[in-house]
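Biologist: I've got this structure up on screen and a handful of labels I'd like to pick apart. Can you walk me through the reasoning behind them?

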Amino acid sequence: MTITLTTGKEIPIEMHKARIVQKTSLVPIDRRLKVLEEGGYNTFSLRTRDIFIDMLTDSGTNAMSDNQLAAMMVSDDAYAGCESFYKLEAAVNDVLRFKYVLPVHQGRAAEHLLAKVFVKPGCVIPMNYHFTTTKAHFVLAGGAVEEIFTDEALNTQSTCQFKGNLDLQKFEHLIKHNGTHPIPFVRMEATTNLLGGQPFSLENLAEVKKVAAANKIPLLLDGSLICENAYFIKQREKKYENSSIQEIIWEMTKLADLFYLSGRKCSSVRGGFIATNTKEYYELLKPWLPVYEGFLTYGGMSTKEIEAMAVGLREMTDINVAGSAAEFVKYFADRLVEQGIPIVTPPGGLACHLDAKRFLPHVAQCQYPAGALAAALYLASGVRSMERGTISTDRDQNGKEVMSDLELTRLAVPRRVYTISHIEYVVDRLKWLYQHRDAVKGLKFVEEPPVLRFFFGKLEPLDDWGKKLVATFRKEIGVN
Ligand code: F0G
């Protein structure tokens, strides 16, 4: 909930209280430099003990509710026919209105199964935008990803409320001029993660469905952030301002032939699933579930997580849960805009995104400005963020570097984990970093994995800028 103080200032207010907490520490800047150097200037290499505020991701790191934790205690570990699964199935039936559910260990496992069954060599998969693991699985299966976003989607200084919309004209053009390449489905990602958590409108989703159905193309909905997208529809799409989050979710899932999600996000657990109302799709997927994941009633998930997921799905329809991250992101983004710090606007669903091209205009894209900014922010604050730019984009089949559309440094806001004072601290250190942005130079790979290179890649700062930045910080701010 957002509350207006008597001063007129608006703040997001927590509609929950913390009764279990995790201790953190802010290690001195020399230690931060040491661990960053050892980890190849890649924030994925850092350990929790060296991180003050972890904004790497909201995946699996959201605070769980008391009711989720309580549900874990009564889980049933039967290999086949476990009762926990039937609670999840009931929650999926009620909240998403899908009859068939296939649990998997996390979102990319759902992508793997979907790719295995539906994506054949030569296929083209249109989508509003790709996610790293989605693209990897579809490409590994021999398919090609076609991103058909609107022209506004890549404008990081926009007022467009639905930058996650799919461009219908481009979609129709693609279908017409696709030749013999089959289209197994069109994929819509509820809040496009790599565009900065930007939502699509229900109007757009309905139009996409219309075009897809007319061409007998199934619609696949990635609902990993479905409650955030529903929250934005309520906020930004006039027709739905009086609808509940649950009603909006039903409107969205009604249009989907196939659905999957990473339960690590919306439902605040560690797991995922595929769901559908089409028996034929279910029967095609089902035989592969025990091969790659586990038996039908656990699918690679711990039964404790299945219990918590059933509760989490119901809880995400509460507007104070659905809006908890989005409201913090907005507060965060507003403070950064006040300081003139370049970010993606309007603020999106899961994170505040720094626009590294504008933050570090002197760093060429082939020297990875978003990765350099993530490393510099860690040095200046102990805050861990994630590169979402060219490092997160693998080379093409010929080994050629592919420049990403956007160079973003993502500061994820896990749901119900951090407070306003944490946000204020990050804003303050970013302000300092922005004042010293000229000191931050680019990076170069010293070890580069062949796929999803952002996870394990090791890099080096050009001109050893990290040490110099640390020296300035020590002089101006001190050891912390
Ligand atoms: N789809 C979307 C939109 C995602 O954001 C993610 C994961 C996945 C699929 C894959 O799910 O991680 O459970 O295998 N996003 C995480 C992130 C990793 O940090 O944004 P997963």
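Modeller: Sure. Let's begin with proline 346, in the loop between helix H14 (324-338) and strand S11 (351-355). Bear in mind that this is a predicted model.

Biologist: What makes the bond that joins threonine 345 and proline 346 a cis peptide bond?

Modeller: Its omega is about -5°. Most peptide bonds are trans.

Biologist: And what is the phi of threonine 191?

Modeller: Phi there is near 55°, a positive value, and the residue is not glycine. Most residues other than glycine have a negative phi. Threonine 191 belongs to the loop between strand S7 (186-189) and helix H7 (202-214).

Biologist: Why is H3 called roughly perpendicular to H9?

Modeller: The axes of helix H3 (residues 83-96) and helix H9 (residues 245-253) cross at roughly 95° and come within 8 Å. Angles of 65 to 115 degrees count as roughly perpendicular, so H3 is roughly perpendicular to H9.

Biologist: Which residues meet there, in H3 and in H9?

Modeller: From H3 you have Asp94, Val95 and Leu96, and from H9 Gln246, Ile249, Trp250 and Thr253. By class, that contact of H3 with H9 has four nonpolar, two polar and one charged residues.

Biologist: On to the ligand. How do you know that arginine 108 has a polar contact with it?

Modeller: An N or O atom in the side chain of arginine 108 is 2.6 Å from an oxygen atom of the ligand. The cut-off for such a pair is 3.5 Å, so this counts as a polar contact. Aspartate 222 qualifies too: a polar side-chain atom lies 2.6 Å from a ligand nitrogen atom. For glycine 107, a backbone N or O atom lies 2.8 Å from an oxygen atom of the ligand. Overall, the protein covers 96% of the 470 Å² of accessible area the ligand has on its own.

Biologist: Which helix gives the most to the shell around the ligand?

Modeller: Helix H4 (residues 107-118), with three residues. By class, the shell has two nonpolar, eight polar and seven charged residues.

How values were computed
Residues numbered from 1 in each chain as written. Predicted model: local features only at pLDDT ≥ 70, side-chain atom pairs only at ≥ 80, totals over all residues. Heavy atoms only, no water. Polar contact = N/O pair within 3.5 Å; in protein donor to acceptor, adjacent residues only side chain to side chain. Areas by Shrake-Rupley, 256 points an atom, 1.4 Å probe, with all protein chains shown as cover. Helix = DSSP H or I, 4+ residues; strand = E, 2+ residues; numbered from the N terminus. Nonpolar A, V, L, I, M, F, W, Y, C, P; charged D, E, K, R; others polar. Axes fitted to C-alpha atoms, helices over the stretch in contact; angles between N-to-C directions. Parallel < 35°, antiparallel > 145°, perpendicular 65-115°, else oblique. Contact = heavy atoms within 4.5 Å.
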